[in-house]
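Subject: Structure handover and notes

Dear colleague,

I am passing on the structure we spoke about, and I would be glad if you could open it and keep it beside you while you read. My notes come after it.

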Amino acid sequence: MGAEVARGVASGAAAAERVPGEAEEVLFERRGSLGVVTLNRPAAVNALTAGMAAAMLEQLALWADDDAIAAVLVRGAGDRGLCAGGDIVAIYRDMLDGGDATADFWAVEYRLNLLISEYPKPYVAFMDGLVLGGGVGISAHGSVRIVTERTRMGMPETTIGFVPDVGGTLLLAGSPGETGTHAALTGAHLSGADALFLGLADTFVPSERLQELAAALENEDAVAAVARFAEPAPASVLAAQREWIDPCYSSDDAEEILGRLRAVGGEAAGAADTIEAKSPTAVKVALESLRRVRGLSLAQALEQEYRVGLHFLAGPDFREGIRAQVVDKDRNPHWKPAVLAEVTPGDVAAYFAPLDGRELKLSPKEKNREKNNV
(Lines give C-alpha, C1' and ligand atoms only; values in the text may rest on other atoms or scores of the structure.)
Protein backbone atom coordinates (compact mmCIF):
# COMPACT_ATOMS: atom_id res chain seq x y z
CA MET A 1 0.00 0.00 0.00
CA GLY A 2 1.82 3.08 -1.17
CA ALA A 3 1.15 6.63 -0.09
CA GLU A 4 0.91 7.61 -3.76
CA VAL A 5 -2.04 5.25 -4.26
CA ALA A 6 -3.68 6.40 -1.04
CA ARG A 7 -3.45 10.05 -2.09
CA GLY A 8 -5.19 9.48 -5.42
CA VAL A 9 -8.49 11.32 -5.67
CA ALA A 10 -11.68 9.73 -6.97
CA SER A 11 -14.00 12.16 -8.71
CA GLY A 12 -17.77 11.97 -8.32
CA ALA A 13 -19.99 10.00 -5.96
CA ALA A 14 -20.01 6.93 -8.19
CA ALA A 15 -16.24 6.76 -8.57
CA ALA A 16 -14.40 4.31 -6.33
CA GLU A 17 -10.66 3.87 -6.07
CA ARG A 18 -9.44 0.45 -4.93
CA VAL A 19 -6.41 0.36 -2.65
CA PRO A 20 -4.76 -3.06 -2.25
CA GLY A 21 -5.42 -4.82 1.07
CA GLU A 22 -3.57 -7.54 2.95
CA ALA A 23 -4.15 -10.65 0.78
CA GLU A 24 -7.60 -9.23 -0.02
CA GLU A 25 -8.70 -10.00 3.55
CA VAL A 26 -9.32 -6.31 4.06
CA LEU A 27 -10.33 -3.99 1.25
CA PHE A 28 -9.80 -0.23 1.02
CA GLU A 29 -11.76 1.99 -1.33
CA ARG A 30 -12.17 5.69 -1.89
CA ARG A 31 -15.78 6.62 -2.69
CA GLY A 32 -16.18 10.33 -3.15
CA SER A 33 -14.73 11.85 0.01
CA LEU A 34 -15.26 8.64 1.99
CA GLY A 35 -12.57 6.10 2.78
CA VAL A 36 -14.19 2.65 3.04
CA VAL A 37 -12.64 -0.24 4.97
CA THR A 38 -14.29 -3.61 4.35
CA LEU A 39 -13.21 -6.61 6.41
CA ASN A 40 -13.29 -9.37 3.83
CA ARG A 41 -13.31 -12.78 5.50
CA PRO A 42 -17.06 -13.48 5.44
CA ALA A 43 -16.67 -17.24 5.95
CA ALA A 44 -14.93 -16.48 9.27
CA VAL A 45 -17.33 -13.62 10.13
CA ASN A 46 -14.44 -11.32 9.24
CA ALA A 47 -12.24 -12.46 12.13
CA LEU A 48 -9.27 -10.12 12.40
CA THR A 49 -5.79 -11.37 11.49
CA ALA A 50 -2.44 -9.75 12.18
CA GLY A 51 -2.10 -8.80 8.52
CA MET A 52 -5.52 -7.16 8.48
CA ALA A 53 -4.74 -5.11 11.60
CA ALA A 54 -1.43 -3.96 10.15
CA ALA A 55 -3.03 -3.01 6.83
CA MET A 56 -5.77 -1.04 8.60
CA LEU A 57 -3.25 0.76 10.79
CA GLU A 58 -1.23 1.84 7.76
CA GLN A 59 -4.18 2.87 5.59
CA LEU A 60 -5.97 4.78 8.34
CA ALA A 61 -2.78 6.70 9.06
CA LEU A 62 -2.54 7.66 5.38
CA TRP A 63 -6.17 8.75 5.20
CA ALA A 64 -5.82 10.79 8.39
CA ASP A 65 -3.39 13.08 6.54
CA ASP A 66 -5.30 13.04 3.24
CA ASP A 67 -7.35 16.21 2.75
CA ALA A 68 -9.47 14.47 0.10
CA ILE A 69 -10.83 12.04 2.71
CA ALA A 70 -13.50 13.60 4.93
CA ALA A 71 -14.59 10.49 6.83
CA VAL A 72 -13.93 6.77 7.12
CA LEU A 73 -16.46 3.91 7.11
CA VAL A 74 -15.68 0.46 8.53
CA ARG A 75 -17.94 -2.46 7.65
CA GLY A 76 -17.87 -6.23 7.26
CA ALA A 77 -18.31 -8.32 4.11
CA GLY A 78 -21.18 -10.80 3.97
CA ASP A 79 -24.33 -10.77 6.07
CA ARG A 80 -23.14 -12.37 9.33
CA GLY A 81 -21.45 -9.48 11.03
CA LEU A 82 -18.79 -6.80 11.21
CA CYS A 83 -16.17 -8.92 12.97
CA ALA A 84 -16.30 -12.00 15.22
CA GLY A 85 -13.07 -11.02 16.98
CA GLY A 86 -9.44 -11.96 16.57
CA ASP A 87 -8.36 -15.10 14.75
CA ILE A 88 -8.15 -17.32 17.84
CA VAL A 89 -7.21 -20.43 15.86
CA ALA A 90 -4.04 -18.61 14.80
CA ILE A 91 -3.46 -17.66 18.45
CA TYR A 92 -3.92 -21.30 19.49
CA ARG A 93 -1.37 -22.51 16.95
CA ASP A 94 1.08 -19.83 18.04
CA MET A 95 0.71 -20.93 21.68
CA LEU A 96 1.36 -24.56 20.72
CA ASP A 97 4.47 -23.46 18.81
CA GLY A 98 5.67 -21.21 21.64
CA GLY A 99 5.95 -18.31 19.22
CA ASP A 100 5.71 -14.53 19.51
CA ALA A 101 3.20 -13.98 16.72
CA THR A 102 0.29 -13.32 19.09
CA ALA A 103 2.21 -10.76 21.12
CA ASP A 104 3.22 -9.02 17.89
CA PHE A 105 -0.39 -9.12 16.64
CA TRP A 106 -1.73 -7.58 19.84
CA ALA A 107 0.91 -4.82 19.74
CA VAL A 108 -0.32 -3.79 16.28
CA GLU A 109 -4.00 -4.32 17.07
CA TYR A 110 -3.86 -2.19 20.21
CA ARG A 111 -2.10 0.60 18.33
CA LEU A 112 -4.92 0.39 15.82
CA ASN A 113 -7.50 0.66 18.61
CA LEU A 114 -5.73 3.75 19.97
CA LEU A 115 -5.52 5.37 16.53
CA ILE A 116 -9.25 4.81 16.02
CA SER A 117 -10.03 6.48 19.36
CA GLU A 118 -7.96 9.53 18.39
CA TYR A 119 -8.93 9.65 14.71
CA PRO A 120 -9.09 13.25 13.47
CA LYS A 121 -12.02 12.58 11.10
CA PRO A 122 -15.42 10.96 11.62
CA TYR A 123 -14.86 7.22 11.98
CA VAL A 124 -18.15 5.51 11.17
CA ALA A 125 -18.57 1.86 12.18
CA PHE A 126 -21.45 -0.31 10.96
CA MET A 127 -21.84 -2.62 13.97
CA ASP A 128 -24.31 -4.89 12.21
CA GLY A 129 -24.59 -8.61 13.01
CA LEU A 130 -21.85 -10.15 15.16
CA VAL A 131 -19.42 -7.71 16.79
CA LEU A 132 -17.29 -9.64 19.27
CA GLY A 133 -13.95 -9.12 21.00
CA GLY A 134 -11.58 -7.57 18.50
CA GLY A 135 -14.60 -6.43 16.48
CA VAL A 136 -15.51 -4.20 19.41
CA GLY A 137 -11.97 -2.82 19.35
CA ILE A 138 -12.22 -1.62 15.75
CA SER A 139 -15.68 -0.11 16.19
CA ALA A 140 -16.54 0.98 19.73
CA HIS A 141 -13.54 3.34 19.95
CA GLY A 142 -14.79 5.22 16.91
CA SER A 143 -16.64 8.53 16.91
CA VAL A 144 -19.78 7.45 14.99
CA ARG A 145 -20.91 3.99 16.11
CA ILE A 146 -24.03 2.52 14.52
CA VAL A 147 -25.98 -0.54 15.67
CA THR A 148 -29.00 -2.25 14.12
CA GLU A 149 -31.71 -4.71 15.07
CA ARG A 150 -29.29 -7.46 13.99
CA THR A 151 -26.42 -6.43 16.28
CA ARG A 152 -25.09 -9.11 18.60
CA MET A 153 -22.19 -7.61 20.49
CA GLY A 154 -20.09 -8.93 23.31
CA MET A 155 -16.77 -9.52 25.00
CA PRO A 156 -16.95 -13.32 25.44
CA GLU A 157 -13.33 -13.87 26.43
CA THR A 158 -13.96 -15.57 29.78
CA THR A 159 -15.56 -18.42 27.80
CA ILE A 160 -12.17 -19.22 26.26
CA GLY A 161 -10.10 -18.67 29.41
CA PHE A 162 -9.13 -15.09 28.60
CA VAL A 163 -10.24 -11.58 29.59
CA PRO A 164 -11.65 -8.59 27.68
CA ASP A 165 -8.97 -6.67 25.81
CA VAL A 166 -8.74 -4.20 22.86
CA GLY A 167 -9.67 -1.52 25.39
CA GLY A 168 -12.79 -3.45 26.36
CA THR A 169 -12.00 -3.27 30.06
CA LEU A 170 -12.06 0.53 29.93
CA LEU A 171 -15.24 0.61 27.85
CA LEU A 172 -17.10 -1.76 30.18
CA ALA A 173 -15.78 -0.12 33.34
CA GLY A 174 -17.38 3.10 32.11
CA SER A 175 -20.81 1.57 31.54
CA PRO A 176 -23.72 2.52 33.84
CA GLY A 177 -23.46 1.03 37.31
CA GLU A 178 -22.14 -2.52 37.25
CA THR A 179 -23.68 -3.49 33.91
CA GLY A 180 -20.25 -3.60 32.30
CA THR A 181 -19.02 -5.98 35.00
CA HIS A 182 -21.99 -8.24 34.27
CA ALA A 183 -21.22 -8.16 30.54
CA ALA A 184 -17.53 -8.91 31.09
CA LEU A 185 -17.95 -11.82 33.49
CA THR A 186 -20.84 -13.53 31.71
CA GLY A 187 -19.59 -12.82 28.17
CA ALA A 188 -23.22 -12.32 27.19
CA HIS A 189 -24.22 -11.35 23.67
CA LEU A 190 -25.79 -7.91 23.71
CA SER A 191 -28.42 -6.39 21.45
CA GLY A 192 -27.95 -3.10 19.67
CA ALA A 193 -30.14 -1.46 22.32
CA ASP A 194 -27.95 -2.95 25.06
CA ALA A 195 -24.82 -1.66 23.32
CA LEU A 196 -26.31 1.83 23.25
CA PHE A 197 -27.15 1.60 26.95
CA LEU A 198 -23.63 0.39 27.83
CA GLY A 199 -22.06 3.29 25.91
CA LEU A 200 -20.53 1.05 23.25
CA ALA A 201 -22.52 2.66 20.43
CA ASP A 202 -24.26 5.94 19.59
CA THR A 203 -26.98 5.49 17.00
CA PHE A 204 -29.59 2.95 15.89
CA VAL A 205 -30.19 2.56 12.14
CA PRO A 206 -32.25 -0.31 10.65
CA SER A 207 -29.98 -2.74 8.81
CA GLU A 208 -31.98 -2.40 5.61
CA ARG A 209 -30.92 1.26 5.40
CA LEU A 210 -27.17 0.80 5.87
CA GLN A 211 -26.42 0.58 2.16
CA GLU A 212 -28.31 3.82 1.55
CA LEU A 213 -26.49 5.47 4.43
CA ALA A 214 -23.12 4.31 3.08
CA ALA A 215 -23.94 6.00 -0.24
CA ALA A 216 -24.92 9.22 1.55
CA LEU A 217 -21.64 9.24 3.44
CA GLU A 218 -19.70 9.44 0.18
CA ASN A 219 -20.40 13.15 -0.22
CA GLU A 220 -22.36 14.34 2.83
CA ASP A 221 -21.20 15.41 6.26
CA ALA A 222 -20.95 12.15 8.21
CA VAL A 223 -22.61 13.30 11.42
CA ALA A 224 -25.49 14.98 9.57
CA ALA A 225 -26.03 11.97 7.31
CA VAL A 226 -26.14 9.54 10.23
CA ALA A 227 -28.56 11.79 12.11
CA ARG A 228 -30.86 11.75 9.09
CA PHE A 229 -31.00 7.93 9.08
CA ALA A 230 -31.20 7.44 12.85
CA GLU A 231 -34.30 5.90 14.40
CA PRO A 232 -35.37 5.24 18.01
CA ALA A 233 -33.83 2.06 19.38
CA PRO A 234 -35.84 -0.71 21.05
CA ALA A 235 -35.75 -0.90 24.83
CA SER A 236 -32.60 -2.34 26.42
CA VAL A 237 -33.15 -5.56 28.34
CA LEU A 238 -29.92 -4.96 30.23
CA ALA A 239 -31.10 -1.56 31.45
CA ALA A 240 -34.15 -3.20 33.02
CA GLN A 241 -31.89 -5.63 34.92
CA ARG A 242 -29.93 -2.95 36.77
CA GLU A 243 -32.09 -3.39 39.84
CA TRP A 244 -30.28 -6.65 40.60
CA ILE A 245 -27.09 -6.20 38.55
CA ASP A 246 -25.78 -3.16 40.43
CA PRO A 247 -26.07 -4.54 43.99
CA CYS A 248 -24.89 -8.03 43.01
CA TYR A 249 -21.78 -6.96 41.09
CA SER A 250 -20.67 -4.13 43.36
CA SER A 251 -18.33 -6.45 45.26
CA ASP A 252 -14.68 -6.85 44.28
CA ASP A 253 -14.84 -10.52 45.24
CA ALA A 254 -16.01 -13.00 42.59
CA GLU A 255 -17.33 -15.56 45.09
CA GLU A 256 -19.32 -12.84 46.82
CA ILE A 257 -20.82 -11.78 43.49
CA LEU A 258 -21.96 -15.33 42.75
CA GLY A 259 -23.43 -15.65 46.24
CA ARG A 260 -25.43 -12.46 45.80
CA LEU A 261 -26.66 -13.55 42.35
CA ARG A 262 -27.86 -16.89 43.70
CA ALA A 263 -29.58 -15.18 46.63
CA VAL A 264 -31.59 -13.02 44.22
CA GLY A 265 -32.57 -16.07 42.16
CA GLY A 266 -34.28 -16.15 38.78
CA GLU A 267 -32.31 -14.60 35.94
CA ALA A 268 -29.64 -13.48 38.42
CA ALA A 269 -29.06 -17.10 39.43
CA GLY A 270 -28.81 -17.93 35.74
CA ALA A 271 -26.02 -15.37 35.43
CA ALA A 272 -24.24 -17.08 38.32
CA ASP A 273 -24.47 -20.42 36.53
CA THR A 274 -23.03 -18.81 33.40
CA ILE A 275 -20.10 -17.28 35.27
CA GLU A 276 -19.38 -20.50 37.13
CA ALA A 277 -18.88 -22.32 33.81
CA LYS A 278 -16.17 -19.85 32.75
CA SER A 279 -12.48 -20.11 33.54
CA PRO A 280 -12.21 -19.30 37.26
CA THR A 281 -8.87 -17.59 36.66
CA ALA A 282 -10.27 -15.55 33.79
CA VAL A 283 -13.29 -14.48 35.84
CA LYS A 284 -11.16 -13.24 38.73
CA VAL A 285 -8.59 -11.51 36.52
CA ALA A 286 -11.34 -9.91 34.43
CA LEU A 287 -12.97 -8.53 37.56
CA GLU A 288 -9.66 -7.18 38.83
CA SER A 289 -8.92 -5.70 35.39
CA LEU A 290 -12.17 -3.73 35.44
CA ARG A 291 -11.43 -2.42 38.91
CA ARG A 292 -7.83 -1.44 38.10
CA VAL A 293 -8.67 0.29 34.81
CA ARG A 294 -10.84 2.97 36.37
CA GLY A 295 -9.23 6.37 35.93
CA LEU A 296 -6.79 5.19 33.26
CA SER A 297 -6.52 6.54 29.71
CA LEU A 298 -7.17 4.20 26.82
CA ALA A 299 -3.43 3.98 26.16
CA GLN A 300 -2.82 2.95 29.78
CA ALA A 301 -5.70 0.47 29.65
CA LEU A 302 -4.27 -1.15 26.53
CA GLU A 303 -0.86 -1.37 28.19
CA GLN A 304 -2.45 -3.15 31.15
CA GLU A 305 -4.41 -5.50 28.89
CA TYR A 306 -1.27 -6.34 26.93
CA ARG A 307 0.55 -7.21 30.16
CA VAL A 308 -2.34 -9.40 31.33
CA GLY A 309 -2.68 -10.99 27.91
CA LEU A 310 0.93 -12.08 27.70
CA HIS A 311 0.63 -13.71 31.11
CA PHE A 312 -2.45 -15.59 29.87
CA LEU A 313 -0.45 -16.86 26.89
CA ALA A 314 1.88 -18.56 29.37
CA GLY A 315 -0.94 -20.12 31.41
CA PRO A 316 -3.10 -23.17 30.71
CA ASP A 317 -6.65 -21.83 30.50
CA PHE A 318 -6.47 -19.67 27.37
CA ARG A 319 -5.13 -22.55 25.31
CA GLU A 320 -7.63 -24.99 26.85
CA GLY A 321 -10.54 -22.64 26.28
CA ILE A 322 -9.80 -22.24 22.57
CA ARG A 323 -9.33 -26.00 22.23
CA ALA A 324 -12.69 -26.76 23.82
CA GLN A 325 -14.70 -24.06 22.05
CA VAL A 326 -13.13 -23.78 18.61
CA VAL A 327 -10.63 -26.56 17.87
CA ASP A 328 -12.11 -29.80 19.25
CA LYS A 329 -15.49 -28.15 19.91
CA ASP A 330 -16.33 -30.52 22.77
CA ARG A 331 -17.43 -27.51 24.89
CA ASN A 332 -15.88 -29.25 27.90
CA PRO A 333 -12.86 -27.24 29.02
CA HIS A 334 -10.78 -28.48 31.96
CA TRP A 335 -9.84 -25.34 33.82
CA LYS A 336 -6.80 -25.13 36.10
CA PRO A 337 -7.67 -24.28 38.85
CA ALA A 338 -11.15 -25.70 38.41
CA VAL A 339 -13.08 -23.53 40.89
CA LEU A 340 -13.02 -19.89 41.95
CA ALA A 341 -12.00 -20.66 45.53
CA GLU A 342 -8.72 -22.15 44.31
CA VAL A 343 -7.67 -18.93 42.53
CA THR A 344 -5.81 -16.94 45.18
CA PRO A 345 -5.26 -13.16 45.32
CA GLY A 346 -1.60 -13.87 44.61
CA ASP A 347 -2.54 -15.79 41.49
CA VAL A 348 -4.58 -12.83 40.27
CA ALA A 349 -1.86 -10.27 41.08
CA ALA A 350 0.66 -12.27 39.05
CA TYR A 351 -1.26 -11.45 35.85
CA PHE A 352 -0.52 -7.75 36.38
CA ALA A 353 3.19 -8.23 37.07
CA PRO A 354 5.69 -6.34 34.86
CA LEU A 355 6.85 -8.04 31.67
CA ASP A 356 10.59 -7.44 32.10
CA GLY A 357 11.27 -5.36 29.03
CA ARG A 358 8.33 -6.55 26.93
CA GLU A 359 5.84 -3.88 27.97
CA LEU A 360 3.70 -2.22 25.31
CA LYS A 361 4.44 1.51 25.50
CA LEU A 362 1.54 3.56 24.19
CA SER A 363 0.97 6.31 26.76
CA PRO A 364 3.17 9.45 26.73
CA LYS A 365 4.48 8.59 30.20
CA GLU A 366 5.67 5.16 29.09
CA LYS A 367 7.11 6.48 25.83
CA ASN A 368 9.12 9.14 27.70
CA ARG A 369 10.36 6.54 30.16
CA GLU A 370 11.54 4.34 27.28
CA LYS A 371 13.28 7.32 25.62
CA ASN A 372 15.07 8.28 28.83
CA ASN A 373 16.29 4.73 29.33
CA VAL A 374 17.89 4.55 25.89
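The notes below go through the interior, the salt bridges and some backbone details. Please keep in mind throughout that this is a predicted model.

I began with the interior, where the largest nonpolar core has 92 residues, with Met 56 and Leu 60 having the most contacts inside it. Helix α4, which covers residues 101-117, gives this core its largest share, namely nine residues. Once its neighbours within four places in sequence are set aside, Leu 60 is in contact with several residues, including Val 37, Leu 112, Ile 116 and Tyr 123. Another core, of 18 residues, lies apart from the largest one, and among its members are Val 124, Phe 126, Val 205 and Leu 213. As background, nonpolar side chains in soluble globular proteins tend to be buried together.

You may also want to look at His 182, which is found in helix α7 (residues 179-186) and counts as buried because its relative accessible area is 8%, under the 20% limit. Not counting residues up to four places away in sequence, His 182 touches Gly 187, Leu 238, Gln 241, Trp 244, Ile 245, Tyr 249 and Ala 271.

Turning to charged side chains, the count comes to 23 salt bridges. In one of them Glu 25 meets Arg 41, at 3.9 Å from N to O; Glu 25 lies in the loop between β1 and β2 and Arg 41 in the loop between β3 and α2, so the pair ties together parts that are 16 residues apart in sequence. Arg 323 forms a salt bridge with Glu 320, with the closest N and O atoms 2.8 Å apart, and both of these residues lie in helix α17, about one turn from each other. Arg 323 also meets Asp 328 in a salt bridge of 2.9 Å, N to O; here Arg 323 is buried, at 14% relative accessible area, whereas Asp 328 is partly exposed, at 47%. Elsewhere, salt bridges that share partners join Glu 178, Asp 252, Arg 291 and Arg 294 into one network.

Finally, some backbone details deserve a careful look, because most residues other than glycine have a negative phi, and most peptide bonds are trans. Lys 329, in the loop between α17 and α18, has a positive phi of about 55 degrees, and Arg 331, found in the loop between α17 and α18, has a positive phi of about 55 degrees as well. Pro 337 is placed in the loop between α17 and α18, and a cis peptide bond, with omega about -5 degrees, joins Lys 336 to Pro 337.

With best wishes

How values were computed: Residues are numbered from 1 along each chain as its sequence is written. This is a predicted model: local features need pLDDT of at least 70, side-chain atom pairs count only at pLDDT 80 or more; totals for chains, interfaces and linings use all residues. Side-chain values use heavy atoms; hydrogens and water are left out. Helices (H or I, at least four residues) and strands (E, at least two) are DSSP runs, numbered from the N terminus. Buried means under 20% relative accessible area, exposed over 50%, partly exposed in between (1.4 Å probe, protein chains only). Contact means heavy atoms within 4.5 Å. A nonpolar core is a set of buried Ala, Val, Leu, Ile, Met, Phe, Trp, Tyr and Cys residues joined through side-chain atoms within 4.5 Å. A salt bridge is a side-chain nitrogen of Lys or Arg within 4 Å of a carboxyl oxygen of Asp or Glu.
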